[in-house]
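Q: I'd like a close look at one part of this model, the place where its two halves come together. Take your time and walk me through it.

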Amino acid sequence: IIFRGFSITIKEDGMRGLAKGWAPTFIGYSMQGLCKFGFYEVFKTTYGDLIGEENAYLWRTSLYLAASASAEFFADIALAPMEACKVRIQTQPGYANTLRQCAPKMFAEEGLWAFYKGVVPLWMRQIPYTMMKFACFERTVEMLYKHVVPKPRSECSKSEQLVVTFVAGYIAGVFCAIVSHPADSVVSVLNKESGSSALGVLKKLGPRGVWKGLVARIIMIGTLTALQWFIYDSVKVYFRLPRPPPPEMPESLKKKLGLTE
């Protein structure tokens, strides 16, 4: 399916067809990535401080889910205009070839709403995806250090830690792809067909239609997610930014549960 898609694109538009919409894609996802990872750290710390150290440990999965959902909400507001331009360039031949042509034309024809028309379906697709991405990643890292890696994280070299990050990122990516695939199918059709509603598209695609192309998406999202985490963690290593280890039970909680000597 992937290769057939590539060959059709090259046949119809030549090699330039593959690069169509690269600028809004690159700018949009760079902005989204910055907001997503940056805000996630902020919300995780803020929510963790609000509920206190013990609850932050006991309810850590919920904490990851809440922080990532909040981060993605804002990240999608940054992404939506670029996503709208990208889809318009790629799916409406002759409309515009570059971001510089597309954005002013869309604004002149439909106003500001044209850029945010897809923000709700984007939230439907991205928020569950990001919640899965961050929570699954955090818990996978914790499990890998606990059950797979033969020594504590503090004794692992930086490169060994980055391998763990990559593996955990890939596992998280597989789950992300599965969770977000139906909504992604709907968003693609919505942006292609003007005047259609999310519910209408859902009915038209049917239960089987929304899962079409899942394997290709798993491969793509798994690799992308693993690379994102790897790059993010590498940047932290390079700039010597804090990289907190997987959470451990606070001493006060150990005492309460009678786990201390």
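How much area do domain 1 and domain 2 bury between them, and what share of it is on carbon and sulfur atoms?

A: Domain 1 and domain 2 bury about 1300 Å² between them, and 71% of that is on carbon and sulfur atoms. Buried area here is the accessible area (1.4 Å probe) that two parts lose on being put together, summed over both. A word on the ground rules: this is a predicted model, where local features need pLDDT of at least 70, side-chain atom pairs count only at pLDDT 80 or more, and totals for chains, interfaces and linings use all residues. Residues are numbered from 1 along each chain as its sequence is written, and side-chain values use heavy atoms, with hydrogens and water left out.

Now the two parts themselves. Domain 1 covers 1-127 and domain 2 covers 150-245, with bounds that come from an automatic or database domain assignment. Their C-alpha centres lie 13 Å apart. Nine residues on the domain 1 side are in contact with twelve on the domain 2 side, contact being heavy atoms within 4.5 Å.

Start with the nonpolar part. The largest nonpolar core has 19 residues, and Tyr40, Phe137 and Tyr145 are those with the most contacts inside it. Such a core is a set of buried Ala, Val, Leu, Ile, Met, Phe, Trp, Tyr and Cys residues joined through side-chain atoms within 4.5 Å. Buried means under 20% relative accessible area, exposed means over 50%, and partly exposed is in between (1.4 Å probe, protein chains only). At least two core residues come from each of helix 3 (22-51), helix 5 (60-91), helix 8 (119-148) and helix 9 (158-192). Helix 8 gives the largest share of this core, seven residues. Helices are DSSP runs (H or I, at least four residues) and strands likewise (E, at least two), numbered from the N terminus. Because domain 1 and domain 2 both give residues to this core, it lies between them.

Two residues are worth zooming in on. Setting aside neighbours within four places in sequence, Tyr40 is in contact with Cys35, Tyr64, Ala67, Ser68, Ala71, Phe134 and Glu138. Ala168 sits in helix 9 and, at 0% relative accessibility, counts as buried. With neighbours within four places again left out, Ala168 is in contact with Phe137, Thr140, Val141 and Leu144.

Then there's the charged part. The count between the two domains is two salt bridges, each being a side-chain nitrogen of Lys or Arg within 4 Å of a carboxyl oxygen of Asp or Glu. Arg125 pairs with Asp184 in a salt bridge whose closest N and O atoms are 2.7 Å apart. Asp184 also forms a salt bridge with Arg217, where the closest N and O atoms are 3.2 Å apart. That second pair links distant parts of the chain, with Arg217 in helix 11 (residues 214-238) and Asp184 in helix 9, 33 residues apart. Neither partner is out in the open: Arg217 is buried at 11% relative accessibility, and Asp184 is buried with a relative accessible area of 16%. Through shared partners, salt bridges join Glu83, Lys86, Arg125, Asp184 and Arg217 into one network.

For context, the whole structure has 15 salt bridges. One of them joins the side chains of Arg60 and Glu142 (2.7 Å, N to O). Arg60 is in helix 5 and Glu142 in helix 8, 82 residues apart, so to speak a link between distant parts of the chain. Both Arg60 and Glu142 are buried.

Finally, the record. In an unreviewed entry, UniProt lists residues 162-183 and 214-232 as "transmembrane region"; its positions are in the numbering used here, feature names are shortened, and annotations may be inferred rather than shown by experiment. In the model, residues 162-183 are 100% helix and 0% strand, with end C-alpha atoms 31 Å apart. Residues 214-232 are also 100% helix and 0% strand, and their end C-alpha atoms lie 26 Å apart. The unreviewed UniProt entry lists "repeat: Solcar" too, at residues 1-46, 59-143 and 160-238. Over residues 59-143 the chain is 86% helix and 0% strand, and the end C-alpha atoms are 16 Å apart.
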